[in-house]
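Open the model in your viewer and keep the selection tool at hand. We will go from stop to stop.

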Amino acid sequence: MTIWISIVIAGIINYLTRLGSILLIKPERLSESAKKILGYVPSAVFPAIIFPAVFLNETNTIVQIHDPKIIGFFVAIVIGYISKNIILTIIAGLISYWIVIFLF
Amino acid sequence: MSKKKENLLKGFYDVSPLLLPVVPFGIIFGAIGIELGFGPYITYATSIIIFSGASQIVFFQLLSNGASSIIAITSSSVVSTRHLLYGAVVAQYLSKLSLMWKIFLSYLLTDQAFAVSQEFFKKNSNDEYKHYHLLGAGLTLWIVWQFTTVIGILLGSIVPEELGLSFTIPLTFLALLINYFRKIDHLIVIFLSGLSSILFYEAPLKSYIILSCVISLFIIFLINKFQKKI
């Protein structure tokens, strides 16, 4: 039974983190510099998800330079920079990662 | 086609390439829940009640490693604090909506939905029905997440581990940043946040995500402030 209570509490807190700012922030009271900083949110959050998943392995140590994930990561950056296309970036990264895993 | 329906479909269309990692991740999550011994009902309930892949995984992993409920709840909550920042961004565009809309859309505010809808909001800030974009993107993700969790629960790990599909998660988030690759200030934030996440990865309660956000946002704030003075 306690696990159900834990899930509900975790769910409520999780939901409140989503609702909190939407409910409480009044845009007309945000300063221009606050709005500018909020424009950086994707660039501030996503790398914290990306970097550990690419540069750390299961034992939380830095991966080696020829790790397939590193190759896939840099191919995706180059293709993303050139193409500005989301699907192409993901596919290019995944295929180069597969090539390194399966062919070498 | 009405503007509402058009925006709803645009949300669906924009978020669909991001489903590539969501599908295997949902299946893997369902299978992990069963493997760790939580059973089908509890595993599935987290997908409805918590509805956040990263928080759900953290929650299950900690509990199965023998951590107390308090630690599991706190850690999964710390992982979701990034939503406070997402909310602050979209709040600028949703302030005129009714309370019911805000309550409902908040539930659907996930990483991927935020990523595509905030881009749409920026470009269509005068569109009266722009929130239908978030509804379309959010509902799409919700349905796919529920469906794939069930598949994982019923069929187990049908995704071959050798394919390394967990790598599509960082790739997707990387792809979401491609529009910022040409902007030096954004590149600074990306680099600072990435570096911090590696440095603080072992920080208590999985706080490395929110720590990295706060550090990188604070430094870019200082840089902007300093630049203005020159």
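Select residues 3–161 of chain B: this is domain 1 in the domain assignment. Now colour 177–230 of chain B differently: this is domain 2. Keep in mind that you are looking at a predicted model.

Next, look at how the two domains of chain B sit relative to one another. The centres of domain 1 and domain 2 of chain B, taken over C-alpha atoms, are 24 Å apart. Where they touch, domain 1 of chain B brings 8 residues and domain 2 of chain B brings 6.

Stay on the domain 1 side of that contact. Which helices of chain B each supply at least two residues here? Select 69–80 for α5 and 82–94 for α6 of chain B. The biggest giver on this side is α5(B), with 4 residues. Sort the domain 1 side by class, and you get 4 nonpolar, 3 polar and 1 charged residues.

**Next stop: the neighbouring chain**

Show chain A alongside chain B. How many residues of chain B are in contact with chain A? The count is 70 from chain B, facing 60 from chain A.

Now pick out the helices on the chain B side. Several of them each supply at least two residues, among them α3 (39–49), α4 (53–64) and α7 (99–107) of chain B. Further along the chain B sequence, select α10 (168–175), α11 (184–199) and α12 (208–229), which also each supply at least two. You have already met α5 and α6 of chain B, and both are on this list too. Here α6(B) gives the most, with 12 residues. Colour this side of chain B by class: 43 residues are nonpolar, 24 are polar and 3 are charged.

**Last stop: all of chain B**

Hide chain A and switch to a cartoon view. Chain B has 12 helices and 0 strands. Follow chain B from the N terminus, and every element you meet is an α.

Zoom out for the overall dimensions. The C-alpha atoms of chain B fill a box of roughly 60 × 50 × 35 Å along the principal axes. Is the radius of gyration of chain B in agreement or at odds with that of a compact globule? A compact globule of 230 residues would have a value near 17 Å, and chain B has 19 Å, so the two agree.

Finally, look inside. Of the 230 residues in chain B, 50% are buried. Take the contacts in chain B with a separation of 6 or more: 74% of them join residues 24 or more positions apart.

Technical notes
Residues numbered from 1 in each chain as written. Chains lettered and ligands numbered in written order. Predicted model: local features only at pLDDT ≥ 70, side-chain atom pairs only at ≥ 80, totals over all residues. Domains from an automatic or database assignment. Contact = placed C-beta atoms within 7 Å. Nonpolar A, V, L, I, M, F, W, Y, C, P; charged D, E, K, R; others polar. Rg over C-alpha atoms; globule rule 2.2 N^0.38 Å. Buried ≥ 20, exposed ≤ 12 C-beta atoms within 10 Å, placed from the backbone.
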